[in-house]
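Hi,

Here is the structure I promised to pass on. Have a look at it first, and my notes follow below.

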Amino acid sequence: MSEAEVIDESGFVAGLAVAVHRLAQQEVPGKLVYDDVVQRVYNHFVLRTLPHDGYDTPDSVPAMIDLIADEPVRMWLPGSDSEAVLVHKDTRSPTQECAELIVGNRHDPIGEKLENEILGEVLDTCRALDAPESYEAFRRLLIENPTLTYAEHVTERARMELMPVVDLLDRCYETASARLRRDDHYAQCAWCGCLLRPIGQDEWRCDLDRCRARTTKVGRLIDSNTPGGVLHLRLPLRTFVTGPGLFELDLETKLHKRGLDVEMWPKFDTYDLLITFPDGARWAVDVKDYANPRVLGRKFAGIPSDPPWDRAFLVVPDYRRTGDKQYLEKFRTARESAGRPPLALRFVKKFLKDVDRRLSLPTEEGSDA
Ligand SMILES: [Zn+2]
């Protein structure tokens, strides 16, 4: 039996997703020497995707990326019915779905290794010092400031509440990639604050799905020669902390406007929001912005019962439903077949309607059922 045959489809696709990420982080585009993982994945790719239906075997790593760009797995992997797309065509950068295939949620041990290696240390440190305010400040910084000039970084580092975790903060950011520079400047996305990718002569594109779902809007332009340079949050943190985090903070604002008491990331991030109603009823919320509802359904273990709650919800941004009308159905089916307990999934607007109903207030204008 060949080596290619012993790895199942999901293992193979996850390996490919890792290779796509490694390539994206490589500073010199088109470099001919690839690390072992990329080379091994390419060899497997050639073995598994022998020419079929007009697809030629790619003769190089870049040709492999070209072949899978914007194409669902089922189009290039014989026997697969997966709709997952791993690479954006316009930027040749990994899709959010690609990251989801590598990283799970916080309850997933594999995910913890990648996404939470730093966040885990931050949690341990803050727990040991009993400093929930430090954890919250750290988390908010990663959400609200995925891009910092060196001078801004120095200012943030000096904040009192960040003192216990300042070394860990340094590890979350890296020098902005030269690939993201056009001429002598970087451009921040007006929607999320991450750095945009230049395309062609004058276009820019954000990596996050939440921003790709709307028209690109360029925010601040930063001179690449700014003293000390420009720092960018590491890619997995942008995908799994900044992306959903912006929805978490938006939800917090909307709940505060309703006069509700909201605790963010209670008990050192057991879940995302703990909402307390005037009569004392408590609702727990975890926000997830997954492109793939099946991956979410399979991987998400559930919402822990401490701090205790009366009702618990998994809340997903509305644009995911716009992009996939079957989102909820796919989530439920995947959960069932994975033997996971049922869990209430709500899109944001619907969730706020539930909140308003609970408060017996008129529902938000413009929301749909
Ligand atoms: Zn963006």
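Leaving aside its neighbours within four places in sequence, which residues is Leu-86 in contact with? The list is Leu-16, Ala-17, Val-20, Ile-68, Pro-94, Thr-95, Glu-97 and Cys-98. Leu-86 itself sits in a loop, the one between α5 (73-76) and α6 (96-102). Loop or not, Leu-86 counts as buried because it has 23 C-beta neighbours inside 10 Å, where 20 or more is the cut-off. Ala-14 is 72 residues away along the chain, yet its C-alpha atom and that of Leu-86 are separated by 9.9 Å.

Before you go further, some background. This is a predicted model, with a mean pLDDT of 87 for the protein and 89% of the residues at 70 or more. Two stretches call for some care. Over residues 104-113 the pLDDT stays under 50, and the model has 14 contacts for them beyond four places in sequence. The pLDDT is also below 50 over residues 365-369, a stretch with 4 contacts in the model beyond near neighbours in sequence.

As for the overall make-up, there are 18 helices and 12 strands in the protein. It has 369 residues, and 34% of them count as buried. If you take the contacts with a separation of 6 or more, 61% of them are between residues 24 or more positions apart.

Now the helix I spent some time on, α3. It covers residues 36-48, so to speak a run of 13 residues, and spans 18 Å from first C-alpha to last, close to the 18 Å expected at 1.5 Å a residue. Its buried residues are Val-38, Val-41 and Phe-45. These three lie on the same side of α3, because the arc they cover around the axis is only 65°. What do they pack against? The partners are α2 (9-25) and α4 (61-68). On the face of α3 turned away from the buried side you will find Asp-36 and Asn-43, both exposed.

Next, the strands. One open sheet has 5 strands in the order β8-β9-β10-β11-β12, with mixed pairing. At its edges are β8 (261-264) and β12 (345-347), each of which pairs on one side only. From one strand to the next, the twist averages 30°. Inside this sheet, β10 (residues 282-287) and β11 (residues 311-316) run parallel and are joined by 5 bridges. One pair to click on is Trp-283 with its bridge partner in β11, Arg-311. There is a helix here too: α18 (residues 348-359) lies across β11 and β12, and its direction is at about 100° to that of β12.

Elsewhere, is strand β3 (residues 185-189) largely enclosed or left open by the rest of the structure? It is largely enclosed, because 4 of its 5 residues are buried. β3 is joined by 4 bridges to β6 (residues 218-223), and the two run antiparallel. In that pairing, Cys-189 has Val-218 of β6 as its bridge partner.

That's what I have so far. Shout if anything is unclear.

Cheers

Key: Residues are numbered from 1 along each chain as its sequence is written. This is a predicted model: local features need pLDDT of at least 70, side-chain atom pairs count only at pLDDT 80 or more; totals for chains, interfaces and linings use all residues. Two strands pair if DSSP finds at least two bridges between them. Axes are lines fitted to C-alpha atoms, for helices over the stretch in contact, and angles run from 0 to 180 degrees between N-to-C directions. Two residues are in contact if their C-beta atoms, placed from the backbone, lie within 7 Å. pLDDT is the predictor's confidence in each residue, from 0 to 100. A residue is buried if 20 or more other C-beta atoms lie within 10 Å of its own, exposed if 12 or fewer, and partly exposed in between; C-beta atoms are placed from the backbone. The expected span of a helix is 1.5 Å times one less than its number of residues. The arc is that of the directions from the helix axis to the C-beta atoms.
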